[in-house]
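User: Please take a close look at one part of this model, the C-terminal part of the chain. I would like the strands, the helices and any enclosed space described together.

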Amino acid sequence: MQSIVVMGGRPLTGSVRVGGAKNSALKLMAASLLAAGVTTIRNVPDISDVALMAEVLAGLGAVVVRTDHALTIDATTLSSHEAPYELVAKMRASTSVLGSLVGRLRRAKVAMPGGCAIGSRKVDMHIRGLQDMGVRIEIGHGYISAEGRPHGANVILDFPSVGATENLLMAATTASGVTTIENAAREPEIGDLAAFLSEMGARIDGAGSTTITIEGVDELHPVDHAVIGDRIEAGTYLVAGAMCGGPVTVSGFDPSHIEMVLTKLAAAGAHLETGPDSVTVSLTGGVRPVDLATLPYPGFPTDMQAQFMALLSVADGNSVITENVFENRFMFADEIARMGADVRIEGHHALIRGVPQLSGAPVRSPDLRGGAALVLAGLVADGSTVVTDIHHIDRGYEGFVERLRSLGADVTRSGCDDGIPQEGD
Ligand code: EPZ
């Protein structure tokens, strides 16, 4: 079992460049199925979720080749329309092929994603939206089976679900007629997917706003596209820099994609300098307490919630974090409590009383972002912190240990990779 060992107390300074956004790259890979031909996607992070998505695409008959940080995906002929349970169970994002298979083959059979550490992760909005578009859906034996060419429709989402918006967007690109998606998710990754699809020949308006309009076309063609920078990876390193003093410069992303995160970092006492594709953070004189609530974009991202809990656990005062997106995303609190953090969960609120210092301890990654946040906590803890179950971290952070070491952190990866695949987001 591999682990990450952190010796706390080292200042972090220097610069780090983030990779392409995991939560965009996975969807662009799924969307490449819409075009018969060879699509190239650049700036793809070398993380295990990408490898898993490549397995899903290969199972459908596409040929995926990685060359450094670029993928070529030959989707000329697809031999299957099924995303099997064993792959969907490992990575929920596999359900993103539902929309692109309906868009390309007019049929799909995708395993129902199970729940996970952070919540039930339902797909009812994906299903209802496809039914609104006239796609016949059957659910049985743990699978969603979809059949038929979508027709234009006016779909209203109960909640601005990222995954539902993406699946419906992909299916609508080759529907007969015009589709509108109301109460659509506005995350930057939606904008990147819409740009990718438009380059393929789709006719999309309003991506990034709450209403997206798609005029169906008969066929899409392959493209060459670079993934946007990973705003959550960037936010993670910015929090690390704030916790350890800095100055730390994080580049390779669009700072406007994490405005709320930067606002909350400044409220916590960080000094920020923003460039076109970078932010430099420093924080001297103690972390100030901050209240925050996670919300769909442009609200505070739920994927930065655990990292901020680590930051605020050593603030000079009390903070409240409210989690409004997932029903069970405070698993991290139990683990950081082992390091001396004072966090009390009341429903979907976490009440955090800042402590002068955390103490290093053995802890387990509860999920992707919680694992990364435990390493951040270790950076400021007294003594050594050993983080296990780090396969969660490897799903979304390329070179996490190396990038932190390049900033001066005393962080090492140890143990052998048991290679046991785990269920994940
Ligand atoms: C995406 O998940 C991201 N994953 C998540 O990042 C991110 O936290 C989330 O969006 C919110 O920003 C990927 O892009 C691969 P949702 P997704 O559909 O699409 C409920 C990470 O750490 N819901 O916006 O699954 C759902 O249960 C991961 O990188 C329904 O009830 O998020 C959740 O409570 C974690 N029915 C809420 O909506 C549905 O049909 C938000 O889910 C769909 C969703």
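Analyst: What follows goes through a sheet, the helix packed on it, a cavity, and then the last helix and strand to be covered here. The model is predicted, not experimental.

The sheet is open and has four strands in the order β18-β19-β21-β20, with mixed pairing. Its edges are β18, residues 292–293, and β20, residues 342–346, each of which pairs on one side only. Helix α10, residues 305–312, packs on this sheet and touches β18, β19 (318–322), β20 and β21. The direction of α10 makes about 170° with that of β19. At the β20 edge, the partner is β21, residues 349–353; the two strands are antiparallel and share five bridges. Within this pairing, D342 is opposite R353 of β21.

Helix α10 also takes part in the enclosed space. How many cavities of 30 Å³ or more does a search of the whole structure find? There is one. The largest cavity holds about 50 Å³ of space. Its lining consists of Q305, A306, R329, F330, M331, F332, D367 and G370. Helices α10 and α11, the latter spanning 331–337, each contribute at least two residues to that lining.

One of the lining residues, D367, has a second role as the N-terminal cap of helix α12. A side-chain oxygen of D367 lies 3.0 Å from the backbone nitrogen of R369. Helix α12 itself covers residues 368–380 and is mostly covered, with 13 of its 13 residues buried. Another lining residue of the cavity is G370, which falls within the 368–380 span of α12.

The remaining strand is β23, residues 384–388. Which of its residues are on the covered face, and which on the uncovered one? T385 and V387 make up the covered face, while S384, V386 and T388 make up the uncovered face.

Strand β23 has a pairing with β1, residues 3–7, which is antiparallel and runs over five bridges. In that pairing, M7 has S384 of β23 as its bridge partner. Strand β23 is also joined to β22, residues 362–364, by three bridges, and these two strands run parallel. Here P362 has V386 of β23 as its bridge partner. Both S384 and V386, the β23 partners named here, belong to the uncovered face of the strand.

To put the part together: α10 packs on the four-stranded sheet and supplies lining residues to the largest cavity, D367 lines that cavity and caps α12, and β23 pairs with β1 and with β22.

Technical notes. Residues are numbered from 1 along each chain as its sequence is written. This is a predicted model: local features need pLDDT of at least 70, side-chain atom pairs count only at pLDDT 80 or more; totals for chains, interfaces and linings use all residues. Side-chain values use heavy atoms; hydrogens and water are left out. Two strands pair if DSSP finds at least two bridges between them. Contact means heavy atoms within 4.5 Å. Axes are lines fitted to C-alpha atoms, for helices over the stretch in contact, and angles run from 0 to 180 degrees between N-to-C directions. Buried means under 20% relative accessible area, exposed over 50%, partly exposed in between (1.4 Å probe, protein chains only). A polar contact is a pair of N or O atoms within 3.5 Å; within protein, one must be able to donate a hydrogen and the other to accept it, and residues adjacent in sequence count only if both atoms are side-chain atoms. On a 1 Å grid over the protein atoms alone, a cavity is a set of points where a 1.4 Å probe fits but cannot get out, and a pocket is an open set with protein on both sides within 12 Å along at least five of seven lines; lining residues have an atom within 4 Å of a point. Grid points are joined across faces, edges and corners, and a volume is the space filled by probe spheres set on the points.
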